[in-house]
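User: I would like to go through the labels assigned to this structure and see what each one rests on. Please set every value against its cut-off.

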Amino acid sequence: MSCYIASNNNRFYAAAEEIYGVAPAIGAENRIPAVKLAIKQVLERPERKDKTGTRTFAGYPGRLRKQTSFELRTYMTGWSNQAQEPSYGPLFEAALGGACRLYGGGTAGAGCEGRTLVCEGAHGLAVGQAVSFGGEIRFVAALIDAQTVLLNAPFSVTPGPGSALGKTATYLPAEGLRSASIFDYWTPAAAVQRILYGAGIDKMQVRVNGDYHEFRFTGMAKDLADSATFEMGQAGLSSFPPEPQEVGFDYSIIPGHLGQAWLGPMAERFFTITAAEVTLDNDLDMRAREFGALTPRCLVPGMRKVTVDFSLYGRDDEATVALYQAARQESPIEVMFQLGEAPGQLFGMYLKSVIPEAPEFEDSETKLEWHFRGCRAQGTIGDELVVAFG
């Protein structure tokens with residue numbers, strides 16, 4: 001028996017649910033590099049107004065409704081097994097709604113130039129899907145023909161004939177949202193183990209230029225199961241599942257200063273970004289107020305809101321001035337952030353149309369800094385934000 005439970009003796013797993021509130025089976029491949037999981041569960045306790053003849057509180061009845069909320073922070077690590085989606089893919093599916101689209105890579109053909117990418121054979125790509133080459137990730141802005149696509153930005157080095165294109169995993173928005181189960185295991189084995197099931201992502205945040213690249217997810221869940229009070233049928237399980245046997249885990253987290261930023265009416269690369277944050281807000285509600293239900297029955301997403309905050313040093317070059325003009329004229333710009341700079345350690349976010357807000361001038365330091373806050377992304381149907389790993 002240990003005196004205390006060390007907070008770093010903790011391992012997390014995430015898996016997509018096929019049926020809302022039914023926890024799926026997990027394996028070692030579902031482990032995620034989480035930093036913190038905060039779960040809060042409260043009971044709805046309506047005030048008792050019956051006259052008991054005393055000032056003493058008589059207590060609440062049993063089986064009250066529960067409200068379960070959570071916040072999960074996870075580092076970005078290398079995508080080592082590219083035969084399947086990244087381990088935290090179920091969290092991005094829950095945030096965006098769309099299933100993972102895997103691209104198995106390809107070979108560049110003759111004729112690649114600037115934003116035009118020509119493949120040796122049929123590319124099989126869709127608009128919004130990501131491709132990678134030479135430690136960079138880009139997104140398909142348009143399809144030209146079966147072998148040619150137009151990228152949102154050029155690669156730093158143009159792929160030559162026969163060059164290998166890397167594998168990618170892309171996540172796009174959908175009208176509905178998927179739920180996920182998050183497994184929380186501790187050492188020693190006799191400690192309380194937990195499963196958060198029926199989890200829906202209300203907000204997803206990705207910060208740029210932090211200490212490490214980090215993803216944050218907050219939302220609500222159907223309920224919380226634990227090994228100390230588990231009852232048959234919870235989370236659709238007959239017994240509390242043991243932790244999968246470990247077969248090795250990738251601890252190669254990526255420093256937060258590695259990456260690229262592309263901004264502007266015609267996206268250009270910026271080297272003056274000091275901080276940025278992309279936030280996805282699903283305006284999530286739960287179907288939880290119906291008669292006869294103790295826990296939520298499904299997820300109910302509202303209007304999706306995607307915003308970008310970014311700060312950069314003010315300059316007099318053409319690209320920086322164009323950003324200011326776009327903000328003053330309320331003209332859309334493209335925004336793309338690439339996190340990481342090595343194959344297998346790439347993450348990209350692409351917003352094809354963002355209306356920038358007029359920047360705040362910060363002149364208290366030695367260099368003038370512009371803060372663009374609350375810039376909202378727009379689109380047609382399910383295309384205002386695309387994220388991908390490469």
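User: Where is threonine 307 found, and why is threonine 307 called buried or exposed?
Analyst: In this predicted model, threonine 307 is found in strand S22. Its relative accessible area is 16%. Buried means under 20%, so threonine 307 is buried.

User: Which residues does threonine 307 touch?
Analyst: Leaving out residues up to four places away in sequence, threonine 307 touches Glu277, Val278, Thr279, Cys375 and Arg376. A touch here requires heavy atoms within 4.5 Å.

User: What makes glutamate 277 and arginine 207 a salt bridge?
Analyst: The N to O distance between the two side chains is 2.7 Å. The rule asks for a side-chain nitrogen of Lys or Arg within 4 Å of a carboxyl oxygen of Asp or Glu, so the pair of glutamate 277 and arginine 207 is a salt bridge. Glutamate 277 lies in strand S19 (residues 273-281) and arginine 207 in strand S14 (residues 194-208), so the bridge ties together parts that are 70 residues apart in sequence.

User: Are the partners glutamate 277 and arginine 207 buried or partly exposed?
Analyst: Glutamate 277 has a relative accessible area of 17% and is buried. Arginine 207, at 37%, counts as partly exposed. The cut-off for buried is under 20% and that for exposed is over 50%.

User: How do you know that glutamate 290 and arginine 297 meet in a salt bridge?
Analyst: Their side chains come to 3.7 Å, N to O. The limit is 4 Å, so glutamate 290 and arginine 297 qualify. Glutamate 290 is partly exposed at 31% relative accessible area, and arginine 297 is partly exposed at 42%.

User: What makes lysine 352 and aspartate 383 a salt bridge, and which parts does the pair tie together?
Analyst: The closest N and O atoms of lysine 352 and aspartate 383 are 2.6 Å apart, which is within 4 Å. Lysine 352 lies in strand S24 (residues 347-355), and aspartate 383 in the loop between S26 and strand S27 (386-389), so the pair ties together parts 31 residues apart in sequence. Lysine 352 counts as partly exposed at 34% relative accessibility.

User: How many salt bridges does this rule give, and which residues are linked in a network?
Analyst: The count comes to 18 salt bridges. Glu18, Glu93 and Arg178 are linked in a network of them.

User: How many disulfides does the search find, and are cysteine 298 and cysteine 375 buried or partly exposed?
Analyst: Over the whole structure the search finds 0 disulfides. A pair of cysteine sulfur atoms would have to lie within 2.5 Å to count. Cysteine 298 is partly exposed at 26% relative accessible area, while cysteine 375, at 0%, is buried.

User: How do you know that the buried residues of H2 line one face of the helix?
Analyst: The buried residues of H2 are Ala319, Thr320, Leu323, Ala326 and Ala327. Viewed down the axis of H2, they fall within an arc of 120°, so they line one face. These residues pack against strands S17 (259-264), S18 (268-270), S22 (305-313), S23 (333-339) and S26 (369-377). On the other side of H2, Glu318, Arg328 and Gln329 are exposed.

User: What is the reach of H2, set against the expected value?
Analyst: Helix H2 (residues 318-329) has 12 residues and reaches 16 Å from its first C-alpha to its last, close to the 16 Å expected at 1.5 Å a residue. Just after H2, glutamate 330 takes a positive phi of about 55°.

User: What makes S8 and S9 a pair?
Analyst: S8 and strand S9 (residues 136-143) share 4 bridges in the antiparallel sense. At least two are needed, so the strands pair. Phenylalanine 133 stands opposite glutamate 136 in S9. The hairpin has 2 residues between the strands, and glycine 134 takes a positive phi near 60° there.

User: Why is leucine 346 called buried or exposed?
Analyst: Its relative accessible area is 2%, and buried means under 20%, so leucine 346 is buried. Leucine 346 sits in the loop between S23 and S24. Among the residues it touches are Met76, Ser132, Ile137 and Phe389. Leucine 346 and glycine 78 are 268 residues apart in sequence but 7.7 Å apart in space, C-alpha to C-alpha.

Key:
Residues numbered from 1 in each chain as written. Predicted model: local features only at pLDDT ≥ 70, side-chain atom pairs only at ≥ 80, totals over all residues. Heavy atoms only, no water. Expected span 1.5 Å × (residues − 1). Buried < 20%, exposed > 50% of the residue type's maximum accessible area, 1.4 Å probe, protein only. Arc of directions from axis to C-beta.
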